[in-house]
Amino acid sequence: MISSVLVTILTFLLNGTLLRLLGADGELLALGEEYIAVIALGASTQVIGTGLVPFIRNHDGSFYAMVSMIMGFVTNIILDYLFVWILGQSVSGAAWATVIGQGVTMLFALAWLLRKKQFTLSIPLSKFGEVAASILKIGIAPFRLTMSPNISLTIINRFSVSYGGEQAVATYACIAYAICIVYLILQGVGDGSQPLLSRYYGERNYDKLKSTKKLAYAFALFLSLISCIIMYLTKGSLGALFGASNVVNAEIAKVIPVFLVSVPFVAVLRITTASFYATEKSVFSYVLTFMEPLLMFVLMLILPPLFGGQIMIWWSTVFARILSAVSAFILKRHVDKRE
């Protein structure tokens, strides 16, 4: 609740400033401010709802947590159609659909807590700072994982504007929308394995901990392979799904195989990071979550001027993810040997 209040205030105050930093101006800036103003009003629904779903998942309510999320996004889709297409409320209508959808997820989560009688606050005020610090210590890593695609998007767009112009930005916008689905699926495998990893780590049952890690890696790599095949086979029509021009659609078909190279490495990175924050290896998870955008930024400063402009923007992204995954593997071997 405290976080949601802070997020709402900061978003209202920094609305226009943040959009300008991302390069928005004119009509785009006006529409962005209109959208974010509504989203900020509903920040509490997203913060509380998103925060309670993992709590439910860790209390043997994984199916109910999934239902809560599904009800939220189904509500969002239905209201998007109603507000935008039927009632013609444009950007603000889409924003209200999002907020209400998040509110539905929050209500489902609260209903579960009340039914299970888990909705209590028994922490004395004197312990509040200590408990909050322990939550933040673990929470920074998954927070950073969730923010990673957005930070990468900002870095790539900034450099793409300089080298490839609007066409490059439009190309990556469509690729990012499509490939982000894959990344979220891989994150889902990490989030789904986290309660089991935490349990076996707490029980000091290292055999089951090891076997669960192996299962998570295998499943994530399998899903990454299937996703790469599907996206490669449909590369010629991906742009059309987002209303891209023929020129941009052709560019997407040419560029997306480059990004698919890094998908299996992202699978390794996601599972390794999740296993670290699930087993009290917070420092290692911090290193991995901050490494990728840092490497990406450095590589984009070096490679494009030397080896070929925009194409090296795309490859810098891939190299950063590969190097991050290799680092994750090295850290994992170190932890496995110690355990």
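**Exercise 1. Find the partner of aspartate 336 in this predicted model, and decide where in the chain each of the two residues lies and how much of each is accessible.**

Solution. Begin with the pairing itself: aspartate 336 makes a salt bridge with lysine 213, and their closest N and O atoms are 3.8 Å apart, which satisfies the 4 Å limit for a salt bridge. Next, place the two residues: the pair ties together distant parts of the chain, with aspartate 336 in helix α13 and lysine 213 in helix α8, 123 residues apart. Then turn to accessibility, where buried means under 20% relative accessible area and exposed means over 50%. Lysine 213 has 9% relative accessibility and therefore counts as buried, whereas aspartate 336, with a relative accessible area of 31%, is partly exposed.

**Exercise 2. Two further salt bridges involve glutamate 130 and lysine 254; work out which residue each of them pairs with, and how the wider set of salt bridges is arranged.**

Solution. First, the side chain of glutamate 130 meets that of lysine 127 in a salt bridge, at 3.9 Å from N to O. Of these two, glutamate 130 is exposed because its relative accessible area is 54%, while lysine 127, at 42%, counts as partly exposed. Second, lysine 254 pairs with glutamate 251, the closest N and O atoms being 3.4 Å apart. Both lysine 254 and glutamate 251 belong to helix α10, where they are three residues apart, or about one turn of the helix. An α-helix has 3.6 residues a turn, so residues three or four places apart point the same way. Lysine 254 counts as exposed, at 59% relative accessibility. As for the wider set, Lys213, Lys332 and Asp336 are joined into one network by salt bridges that share partners, and the structure holds six salt bridges.

**Exercise 3. Describe helix α8, comparing its span with the expected one, and say what covers its buried residues.**

Solution. Start with the dimensions: helix α8 covers residues 206–233, which is 28 residues, and its first and last C-alpha atoms are 41 Å apart, close to the 40 Å expected at 1.5 Å a residue. Now list what is buried along α8: Leu209, Thr212, Lys213, Ala216, Tyr217, Ala220, Leu223, Ser224, Ser227, Cys228 and Met231. Finally, identify the cover, which includes α7 (165–202), α9 (238–241), α10 (246–260), α11 (263–278) and α13 (310–338).

**Exercise 4. Which residues form a nonpolar patch on the surface, and which helix gives the most to the patch?**

Solution. The patch consists of Ile2, Val5, Leu6, Ile9, Leu10, Leu13, Leu14, Leu18, Leu21, Leu125 and Phe128, which together have about 1,100 Å² of accessible area. Helix α1 (residues 2–21) gives the most, with nine residues. Take leucine 18, which lies in helix α1, as an example: its relative accessibility is 44%, so leucine 18 counts as partly exposed.

**Exercise 5. Aspartate 60 and arginine 204 have positive phi values; locate each residue and classify its accessibility.**

Solution. As background, most residues other than glycine have a negative phi. Aspartate 60 has a phi near 60° and sits in the loop between α3 (43–57) and α4 (62–86). With 80% relative accessibility, aspartate 60 counts as exposed. Arginine 204, which is not a glycine either, has a phi of about 60° and is placed in the loop between α7 and α8. Arginine 204 counts as partly exposed, at 47% relative accessibility.

**Exercise 6. How many helices and strands does the protein chain have, and is the chain as compact as a globular protein of its length or not?**

Solution. For the first part, the protein chain has 13 helices and zero strands. For the second, its radius of gyration is 21 Å, close to the 20 Å that the globule rule gives for 339 residues, so the protein chain is as compact as a globular protein of that length. Its C-alpha atoms fill a box of roughly 55 × 55 × 35 Å along the principal axes. Turning to packing, 41% of the 339 residues count as buried, and among contacts with a separation of 6 or more, 74% are between residues 24 or more positions apart. The accessible surface comes to about 18,500 Å², and 71% of this area belongs to carbon and sulfur atoms.

Notes:
Residues are numbered from 1 along each chain as its sequence is written. This is a predicted model: local features need pLDDT of at least 70, side-chain atom pairs count only at pLDDT 80 or more; totals for chains, interfaces and linings use all residues. Side-chain values use heavy atoms; hydrogens and water are left out. Patches are made of residues with over 30% relative accessible area and no salt bridge: like charges are joined within 9 Å, nonpolar side chains (Val, Leu, Ile, Met, Phe, Trp, Tyr) within 5 Å. Accessible areas come from the Shrake-Rupley method with a 1.4 Å probe; for residues, only the protein chains shown count as cover. Helices (H or I, at least four residues) and strands (E, at least two) are DSSP runs, numbered from the N terminus. Buried means under 20% relative accessible area, exposed over 50%, partly exposed in between (1.4 Å probe, protein chains only). The expected span of a helix is 1.5 Å times one less than its number of residues. Contact means heavy atoms within 4.5 Å. The radius of gyration is taken over C-alpha atoms; the globule rule is 2.2 Å times the number of residues to the power 0.38.
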